[in-house]
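This report is meant for someone meeting the structure for the first time, and it goes through a few local features one after another. Please keep the sequence and the three-dimensional view at hand while reading.

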Amino acid sequence: MVLHLRVLNKSPSEYINKFLMKKIIYFVLIFVFFVLISACSILQPYSIKKITPSIPEEYREKVLESLEEAGSNKRELLKVLHHYKDDPKKLEAASFLIAYMPDHYFADVGLVDSLGNPVPLNVMDFNTALEVQTHIDSLEKELGELHYKLIEKREDVKTMSSHLLMTHIDMAFLAYETLPWTSKYNWDDFKEYILPYRGSSEPLSNWRLYFWYLFPADRDSAKDPLQLAYAINDSSKKMFTFKEVFYYHPADQGLDEMLKNGYGRCEDMTNFTIYAMRANGLAVTSDFTPYWPDRSNNHAWNSIILPDGKVIPFMGAEANPGQYNLQEKIAKVYRKLFSQEKNTLADVLPDSMKAPPWLGYKNFKDVTDKYVQVSDVTVQVYKDDPFAYIAVFNDNDWQPIHWGSVDSLRNVTFSNMGRNIAYLPVFYEVVDSIMVENEKKPDYEPVPAGAPFILSREGYIASFDNKGIDFRNEIDSAFVMKQTGHGGVNKVKIDSTYTWFVWAEDEWQEIIDTTATTDSLVFDYYYPESLYKVEEECLHPDPRIFTVEDGEVIFW
């Protein structure tokens, strides 16, 4: 056997030093590891696990979902929760806001061409809405069809800073704890109508500080919340007001933009007022009707909730509480919430189905019965789709305004509907496909689900004839029209061409064309129990539907 001997080329001390060096490196690495762990604890002390037991059980599940949805912004929201961990009331307030934060965002909407390219439009360059529309019409001759598009959706849960959220909470509590009227609100009303940091889908801002320091004298002199509301609204009228050109500025303005422009549409006016009054401890929100039932457009206004629960509507920056009169005919009124209403369409609508505009959200509740007399309306629809909708005629089309579930007998009940209004039951279906920025997308439209009807002042239903016109009785009696709808723009114009339509077999069917030779139109006959419209041949017709009763035109 051959014995192999290993020859040491280094001295024993060199091997000892090498051994010791390895040990030192090992201990250094261990030390660095623990230092890094400690540093992470110092830099990121906001543990979900530690704060979860402190979050009120009512909001815990939703808060945890929001934190997951926040992505890289999770730390900012956790910072807020940990900041208030020893203050149960503020922790509950923070939990409330974070729980429902995923529903809220800034929606930046702009004018684009058919390819999605932005088309600059500054509404402040114009004096009237007609001037803006004329300018857009001229652009379309050059660029093709234009439309408004969502440019950016900036979600609160992913962008809200801890500093801004804590400022809103602390300032809301400053009012709650120091102002005599604010402390009298019940806790739920405080959370819903004073605490929230936004009014609609406008950019986030620190409006509480601005309006808190703007009205100290009014706060000090006010003897009750209504007196303070009058004072703040009177001041707001001098700072901000309505201008119709902002109908073409569909993105809600933030505070900075409102202060710069001094003008806005009704949505901006309600937000401006919400800011000014919530900052000073008043419970104020916005009520709205998605579509007027007897003319085009929609509307939003404010409501102040008093500590005793009484609600008084008013128009921020225009008319004080108790001095604002809405029109008589309203089909639906909804109240904006920061939280979620239960049993909404969004809760039951399958992902495979699409909700009509306005109806796919959870953050509003029906308050129609607080404004007008209402009735529950039950009708039978053509087929057993899961859901049907009830529509009003607005902007020369039927616009869904409420929903109901269809039962096995094809009956559907629409709750709390305003009276003395014409309605049409509809489904909401894909009727075609459209090209949007070179991409084919389904085109959803309201499709008739039954005959139109009038819900009378007394709450009775009177359905219109839906048969073909060849099967209808003709009344040989002339009727005269001096206008085709409400307002000066609908007055009959000499030499303009008009088309008379009747609702038949679930669509508008043309009866006759005529050219006006005077300032009125004369039709020689009519069909009873029928629904009509007369449409001017122009770019943007805005007719009203009407009936003819004993030769008299009645607009609906």
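What follows describes salt bridges, a pocket, a surface patch and some single residues of a predicted model.

**Salt bridges**

The count of salt bridges comes to 23, and three of these pairs are set out in the table below, each with its closest distance from nitrogen to oxygen.

| Basic residue | Acidic residue | N to O distance |
|---|---|---|
| Lys-191 | Glu-92 | 3.1 Å |
| Arg-154 | Glu-152 | 3.1 Å |
| Lys-533 | Glu-535 | 3.1 Å |

The pair of Glu-92 and Lys-191 joins side chains in a salt bridge, and this pair links distant parts of the chain, since Glu-92 sits in helix α5 (residues 88-100) and Lys-191 in helix α9 (residues 187-193), 99 residues apart. Are these two residues buried or exposed? Glu-92 counts as buried because its relative accessible area is 17%, a value below the cut-off of 20% under which a residue is called buried. Lys-191 is likewise buried, with a relative accessible area of 3%. The pair does not stand alone, for Glu-92, Asp-188 and Lys-191 are linked in a network of salt bridges.

The other two pairs of the table can be described in the same manner. Arg-154, whose side chain meets that of Glu-152 in a salt bridge, counts as partly exposed because its relative accessibility is 35%, and Glu-152 is also partly exposed, with a relative accessible area of 33%. In the pair formed by Lys-533 and Glu-535, Lys-533 counts as buried at 5% relative accessibility, and Glu-535 counts as buried at 18%.

**The second largest pocket**

Rolling a probe the size of a water molecule over the atoms shows where empty space is left. The second largest pocket of the model has a volume of about 510 Å³. It is lined by 20 residues, and those closest to its centre are Glu-192, Leu-337, Ser-339, Gln-340 and Glu-341. Which elements give two or more residues to this lining? They are α3 (57-69), α5 and α9, and α9 gives the most, with five residues. By kind, the lining of the second largest pocket divides into seven nonpolar, two polar and eleven charged residues.

Helix α5 and helix α9, which also hold the salt-bridged Glu-92 and Lys-191 respectively, are thus among the elements that contribute to this pocket. Glu-192, one of the residues closest to the pocket centre, lies in helix α9 and counts as buried because its relative accessibility is 11%. The C-alpha atoms of Glu-192 and Phe-471 are separated by 55 Å, and the two residues are 279 residues apart along the chain.

**A nonpolar surface patch**

Tyr-210, Leu-214 and Leu-259 make a nonpolar surface patch of about 220 Å². Of these residues, Leu-259 lies in helix α13 (residues 255-261), and it counts as partly exposed because its relative accessibility is 33%.

**Single residues in a helix and in loops**

Glu-267 is found in helix α14 (residues 266-278) and is buried, with a relative accessible area of 12%. From Glu-267 to Gly-485 the distance is 25 Å, C-alpha to C-alpha, while the two are 218 residues apart in sequence.

Asn-325 is found in the loop between β7 (311-314) and β8 (334-336), and it counts as exposed because its relative accessibility is 71%, above the cut-off of 50%. Asn-325 and Thr-159 are 166 residues apart in sequence and 39 Å apart in space, taken from C-alpha to C-alpha.

Two further loop residues are described by their backbone angles. Most residues other than glycine have a negative phi. Asp-495, however, has a positive phi near 75°; it is found in the loop between β18 (479-481) and β19 (497-504), and it is exposed, with a relative accessible area of 62%. Asp-550 has a positive phi of about 55°, although it is not a glycine. The place of Asp-550 is the loop between β23 (546-549) and β24 (552-555), where it is exposed, with a relative accessible area of 79%.

Note on methods
Residues are numbered from 1 along each chain as its sequence is written. This is a predicted model: local features need pLDDT of at least 70, side-chain atom pairs count only at pLDDT 80 or more; totals for chains, interfaces and linings use all residues. Side-chain values use heavy atoms; hydrogens and water are left out. Patches are made of residues with over 30% relative accessible area and no salt bridge: like charges are joined within 9 Å, nonpolar side chains (Val, Leu, Ile, Met, Phe, Trp, Tyr) within 5 Å. Accessible areas come from the Shrake-Rupley method with a 1.4 Å probe; for residues, only the protein chains shown count as cover. A salt bridge is a side-chain nitrogen of Lys or Arg within 4 Å of a carboxyl oxygen of Asp or Glu. Helices (H or I, at least four residues) and strands (E, at least two) are DSSP runs, numbered from the N terminus. Buried means under 20% relative accessible area, exposed over 50%, partly exposed in between (1.4 Å probe, protein chains only). On a 1 Å grid over the protein atoms alone, a cavity is a set of points where a 1.4 Å probe fits but cannot get out, and a pocket is an open set with protein on both sides within 12 Å along at least five of seven lines; lining residues have an atom within 4 Å of a point. Grid points are joined across faces, edges and corners, and a volume is the space filled by probe spheres set on the points. Ala, Val, Leu, Ile, Met, Phe, Trp, Tyr, Cys and Pro count as nonpolar, Asp, Glu, Lys and Arg as charged, and the others, Gly among them, as polar.
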